[in-house]
Amino acid sequence: MHKAPRSRLVTDRARLGHKMRYALSHPRRVLPYLRRAGRDCWLRLRHRGSHIAYYRAVMASDTARSPEAAVGGRPSHARWLAIGEMQYDYLVRHGLKPQDRMLEIGCGNLRAGWRFIGHLEPGHYYGIDISPDILVEAKKTVVRYGLQDKLPYLTPVDNLTLDFLPGSFFTVVHAHSVFSHSPLEVIDECLAHVGRVLAPGGWFDFTYDRTEGSEHQVLGEDFYYRTETLIQLAEKHGLAARHMEDWEQLPHGQSKLRITHRAAAAPPDARTTEETS
Ligand SMILES: C[S@@+](CC[C@H](N)C(=O)[O-])C[C@H]1O[C@@H](n2cnc3c(N)ncnc32)[C@H](O)[C@@H]1O
């Protein structure tokens, strides 16, 4: 199942020992890390008790410095383009059609979104994000790529209950590098509600940072989960989850799960049994 080296998958990045070893082998990253840790500590204090408010403040600060780096870590336009293209190519390879109705959760500044919008029929792309600052940048991306006639929806949210969206509507739901920044209760909330908006036969793909060691987080920004944890969470909400092996071949450090309604995931025989029972 894994392409990533095993040592990477069992590393606990929150442990002091790991941080010391990392600092010794990457001395130039120590000062930026300390600056970030200081800022995050201050923002956590200001937004105590609400991960969403805290992360929205992180995004505001990161976006002010560089919108492209805010969604991808490194301030490189080439990388922004490449990661967006990777997401787009993958979904098109998996059958994303112009007629699909797509919801992108955590759409950022449309790194992949501008390509989805271009591919889909007008009004078929819906992007949501907790950060108003990055959505302003998303709007600029729509203008830069001349996508006004595609009429994309871009909406700020403060939770993932998806309560303002229609039921059984979206054929494709996508969340790239969002749950890698989310505590489990946020993922739980999303999985509790995404089944309602997912059209019959639709699918929800999300990436996450996978660990095979202990689950941990760094600075309240980066979260590492075991695959079983997320699969069990999906099952708790009556959904099926499948690890996407072909995503592992791509040069991107995260893993991907595909969520469907349980009936859609069942093999044809089982489906017949379920439907007739
Ligand atoms: C690393 S960026 C990735 C953006 C985009 N998916 C991409 O691939 O370029 C993560 C994005 O998810 C948003 N985000 C984080 N938590 C979220 C949540 N609970 N609900 C909606 N958006 C969220 C952030 O504001 C940010 O824009």
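The exercises below work through a predicted protein model, each with a solution in steps.

Residues are numbered from 1 along each chain as its sequence is written, and side-chain values use heavy atoms, with hydrogens and water left out. As the model is a prediction, local features need pLDDT of at least 70 and side-chain atom pairs count only at pLDDT 80 or more, while totals for chains, interfaces and linings use all residues.

**Exercise 1. The whole chain**

State how many helices and strands the protein has, and compare its radius of gyration with that of a compact globule.

Solution.
- Step 1. Count the DSSP runs, numbered from the N terminus: helices are H or I runs of at least four residues, and strands are E runs of at least two. The result is twelve helices and nine strands.
- Step 2. Apply the globule rule, 2.2 Å times the number of residues to the power 0.38, with the radius of gyration taken over C-alpha atoms. For 277 residues a compact globule would have a radius near 19 Å, and the protein agrees because its own value is 19 Å.
- Step 3. Add the extent of the C-alpha trace, which is about 60 × 45 × 35 Å along the principal axes.

**Exercise 2. Burial and contacts**

Find what share of the 277 residues is buried, and what share of the contacts with a separation of 6 or more joins residues 24 or more positions apart.

Solution.
- Step 1. Sort residues by relative accessible area: under 20% is buried, over 50% is exposed, and anything in between is partly exposed (1.4 Å probe, protein chains only). Buried residues come to 48% of the 277.
- Step 2. Take a contact as heavy atoms within 4.5 Å. Among contacts in the protein with a separation of 6 or more, 72% are between residues 24 or more positions apart.

**Exercise 3. The two sides of helix α10**

Which residues of α10 are buried, and on which face are Q232 and K236?

Solution.
- Step 1. Helix α10 covers residues 227–236, and its buried residues are T227, T229, L230, L233 and A234.
- Step 2. These residues lie on the same side of α10, because their arc around the axis is only 165°. The arc is that of the directions from the helix axis to the C-beta atoms.
- Step 3. The exposed residues Q232 and K236 are on the face turned away from the buried side of α10.
- Step 4. The cover over the buried residues of α10 includes α9 (184–197), β5 (198–210), β7 (222–225), β8 (239–243) and β9 (255–261).
- Step 5. After α10 comes G238, with a positive phi near 75°.

**Exercise 4. S180 and D209**

Place S180 and D209 in the structure and decide for each whether the residue is buried or exposed.

Solution.
- Step 1. S180 sits in the loop between β4 and α9, whereas D209 belongs to strand β5.
- Step 2. S180 is buried, at 0% relative accessibility. D209 is buried too, with a relative accessible area of 13%.
- Step 3. Set aside neighbours within four places in sequence. S180 then contacts T207, Y208, D209, E221, D222, F223 and Q254. For D209 the list is S180, F223, Y224, Y225, G253 and Q254.
- Step 4. S180 and S255 are 75 residues apart in sequence, yet their C-alpha atoms are 9.8 Å apart in space.

**Exercise 5. R196 and L162**

Which residues does R196 contact beyond its neighbours within four places in sequence, and what is the phi of L162?

Solution.
- Step 1. R196 lies in helix α9 and is partly exposed, with a relative accessible area of 38%.
- Step 2. Its contacts beyond those neighbours are L162, D163, L165, P166, G167 and S168.
- Step 3. L162 is in the loop between β3 (153–156) and β4 (170–175) and is buried, at 1% relative accessible area.
- Step 4. The phi of L162 is near 55°, a positive value in a residue other than glycine.

**Exercise 6. R262**

Where is R262, and which residues does R262 touch beyond those up to four places away in sequence?

Solution.
- Step 1. R262 is in helix α11, residues 262–265.
- Step 2. With 42% relative accessibility, R262 counts as partly exposed.
- Step 3. R262 touches E235, G238, L239 and A240, leaving out residues up to four places away in sequence.
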